[in-house]
Amino acid sequence: IVPTDINKKLIDITIDGKPQEFTIDDSGWIELDVSKMPAGNHTVDFTFKGDEKYHSWNESHNFTIIYYT
């Protein structure tokens, strides 16, 4: 969850090194569409460049996509 007054242009999100499109809803939740990604392990990197109100930050998380048939 991010503060709703953060400028979306200051956030970069990559999955496996590829830039991702995302939205931020009215509650501050970041939403990514991973429905077309292949099954397996992936790494998502979040970077916020910072502004006059908030410090910059970055973090990485691993996640796994499993499709059931």
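In what order do the elements of the protein run from the N terminus on? Hi everyone, let's start there. They go β-β-β-β-β-β, and the totals are six strands and zero helices. Please keep in mind that what you see on screen is a predicted model.

Now, overall dimensions. If you take the principal axes, the C-alpha atoms fill a box of roughly 45 × 25 × 15 Å. The protein has 69 residues, and 22% of them count as buried. As for the surface, about 5,300 Å² is exposed, with carbon and sulfur atoms supplying 52% of that area.

For those of you who like contact maps, look at the pairs with a separation of 6 or more: 45% of those contacts come from residues 24 or more positions apart.

On to the inside. Which residues make up the largest nonpolar core? There are eleven: Val2, Ile6, Ile11, Ile13, Ile15, Phe22, Met37, Val44, Phe46, Phe48 and Ile65. Two elements each give two or more residues to this core, namely strand S1 (11-15) and strand S5 (40-48).

Let me stay with one core member, Val2. Setting aside neighbours within four places in sequence, Val2 is in contact with Ile24, Ser27, Gly28, Ile30 and Trp57. Feel free to click on those in the viewer.

Last topic, and one for the electrostatics fans: charge. The protein carries 12 negative charges and 6 positive ones. How far apart are the mean positions of the two sets? The answer is 6 Å.

That's my tour, thanks for listening!

Key
Residues numbered from 1 in each chain as written. Predicted model: local features only at pLDDT ≥ 70, side-chain atom pairs only at ≥ 80, totals over all residues. Heavy atoms only, no water. Helix = DSSP H or I, 4+ residues; strand = E, 2+ residues; numbered from the N terminus. Buried < 20%, exposed > 50% of the residue type's maximum accessible area, 1.4 Å probe, protein only. Contact = heavy atoms within 4.5 Å. Areas by Shrake-Rupley, 256 points an atom, 1.4 Å probe, with all protein chains shown as cover. Lys, Arg positive; Asp, Glu negative; His and termini not counted. Charge placed at Lys NZ, Arg CZ, Asp CG, Glu CD. Core = buried A, V, L, I, M, F, W, Y, C linked by side-chain atoms within 4.5 Å.
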